[in-house]
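Here's a quick briefing for anyone meeting this structure for the first time. Have a look at the picture below, then read on.

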Amino acid sequence: MDWASFAVFLSKTHSPDYAKDLMRYAKQYSPCLFKRDLSILHGLGESKRNHILCALSNLSKFLGCYEEFRALVKSYGLKWKSVKPELLMLSRIVRVEENGLILEWAESVKRRVPSLSLFLDFCFLTGLRAKEAIASWNMVRLLGEKNQLSIYFNPNTSCLEHFRFPEIFFRRCKKAFISFLPGDNCISEIIREGERVSWPLIHNRISKKGLPLRFGDIREFWANYMLKWLTPAEIDFLQGRVSGSIFMRHYFNPALIYDLRERVFKGLNEIQAALNG
């Protein structure tokens with residue numbers, strides 16, 4: 001089995017982290033595919049079984065036996081199962097009850113890990129996914145130090161234009177087009193005081209203090225907070241849940257961007273007040 005070529009195959013359609021997970025499961029459970037025996041999957045939890053099936057599905061496509069794999073999955077009565085919306089909602093409610101409100105968590109992190117205080121504010125203001133926030137933060141720092149920030153941050157619209165770097169911000173199923181930041185103070189502070197961040201650095205600093213990682217909840221908080229000022233479609237756009245073609249047809253419009261900015265800023269001002277309160 002040429003695992004190196006399979007790794008290249010995965011890298012073309014998946015993020016690096018997800019590709020690593022797929023590779024790990026594919027290597028561990030490839031005998032199931034080669035021996036045409038998926039019986040071991042019946043004894044696994046639903047989440048892990050889904051990951052394994054995704055890995056073997058990709059492996060079968062690489063090997064040219066995908067249709068045979070589909071028939072094998074069907075013959076063993078296996079299915080990919082998605083989480084029902086009502087169960088997802090219940091899990092979110094339980095998570096809030098167990099871990100406290102997201103603003104309380106943010107206050108704890110900023111108090112106990114002050115080096116991440118500015119980065120946390122950046123996450124709350126942009127509503128980006130953790131990986132996107134890290135990439136955006138580091139790009140602001142890098143371009144700012146080179147006096148080239150104008151190719152990324154548009155001061156006229158107070159907008160980080162992620163779409164100019166599709167190789168970074170456009171993944172197969174997850175995208176980021178633009179993010180608004182109120183005023184130049186936040187940008188200047190990142191360039192002046194911010195350090196380069198990475199997920200391992202963030203993970204280690206927060207975990208060492210015995211605190212949970214809740215960056216996904218920040219994104220959810222941002223979306224719920226913005227419902228007061230934006231339509232669900234606009235929130236989907238700002239959180240990258242529309243296709244690139246829809247963005248170009250409907251949202252890449254200066255007049256719309258200015259109108260959207262004014263309403264976003266109203267929400268961001270309230271988020272800032274909540275963070276500082």
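Does arginine 141 count as buried or exposed? With a relative accessibility of 14%, it falls under the 20% cut-off, so arginine 141 counts as buried. Keep in mind that this is a predicted model. The protein has 277 residues, and its secondary structure comes to 15 helices and three strands.

**The big picture**

- Of the 277 residues, 44% are buried.
- Take the contacts with a separation of 6 or more: 65% of them are between residues 24 or more positions apart.
- The protein exposes about 14900 Å², and 55% of that comes from carbon and sulfur atoms.

**The cores**

- The largest nonpolar core is made of 58 residues. Trp105, Phe119, Phe180, Phe215, Leu238 and Leu268 are the ones with the most contacts inside it.
- Leucine 268 is worth a click: leaving out residues up to four places away in sequence, it touches Leu125, Phe180, Pro182, Trp222 and Met226.
- There's also a second, separate core, with 21 residues. Cys32, Ile52, Phe69 and Val73 are among them.

**Helix α2 and what comes after it**

- Helix α2 covers residues 16-34. At 1.5 Å a residue, its 19 residues should span 27 Å, and the end C-alpha atoms are 25 Å apart, so the two agree.
- This helix isn't straight all the way: α2 bends by about 55 degrees at glutamine 28. Proline 31 follows within four residues of that point.
- Which residues of α2 are buried? They are Ala19, Leu22, Met23, Tyr25, Ala26, Tyr29, Ser30, Cys32 and Leu33.
- The neighbours that these buried residues pack against are α1 (3-11), α3 (46-63) and α4 (66-75).
- As a rule, an α-helix has 3.6 residues a turn, so residues three or four places apart point the same way.
- Just past the end of α2 you'll find arginine 36, in the loop that leads from α2 to α3. Arginine 36 has a positive phi of about 55 degrees, even though it is not a glycine.
- Arginine 36 counts as partly exposed because its relative accessibility is 33%.

**Helix α3**

- The 18 residues of α3 should span 26 Å at 1.5 Å a residue; the end C-alpha atoms turn out to be 25 Å apart, which agrees.
- The buried residues here are Arg49, Asn50, Ile52, Leu53, Ala55, Leu56, Ser57, Asn58, Leu59 and Ser60.
- Among the elements covering those buried residues are α1, α2 and α4.
- Right after α3, glycine 64 takes a positive phi, at about 80 degrees.

**Helix α8 and its surroundings**

- Helix α8 is where arginine 141 sits. Not counting neighbours within four places in sequence, arginine 141 is in contact with Ile190, Gly194, Glu195 and Arg196.
- For the 16 residues of α8, a rise of 1.5 Å a residue should give a span of 22 Å; with the end C-alpha atoms 23 Å apart, that agrees.
- Arginine 141 has company: Glu132, Ala133, Ile134, Ser136, Trp137, Asn138, Met139, Val140, Leu143 and Gly144 are buried in α8 too.
- What do the buried residues of α8 pack against? The list is α7 (117-126), β2 (159-161), α9 (166-169), α10 (185-193), α11 (199-207) and α12 (215-226).
- Asparagine 147 comes just after α8, in the loop between α8 (130-145) and β1 (153-154). Its phi is positive, about 60 degrees, although asparagine 147 is not a glycine.
- With 72% relative accessibility, asparagine 147 counts as exposed.

**Cysteines**

- How many disulfides does a search of the whole structure find? The search turns up zero.
- Cysteine 54 has a relative accessible area of 23%, so it is partly exposed.
- Cysteine 159 is buried, because its relative accessible area is 2%.

How values were computed: Residues numbered from 1 in each chain as written. Predicted model: local features only at pLDDT ≥ 70, side-chain atom pairs only at ≥ 80, totals over all residues. Heavy atoms only, no water. Helix = DSSP H or I, 4+ residues; strand = E, 2+ residues; numbered from the N terminus. Expected span 1.5 Å × (residues − 1). Bend = angle between axes of the 7 residues up to and from the residue. Buried < 20%, exposed > 50% of the residue type's maximum accessible area, 1.4 Å probe, protein only. Contact = heavy atoms within 4.5 Å. Areas by Shrake-Rupley, 256 points an atom, 1.4 Å probe, with all protein chains shown as cover. Core = buried A, V, L, I, M, F, W, Y, C linked by side-chain atoms within 4.5 Å. Disulfide = S-S within 2.5 Å.
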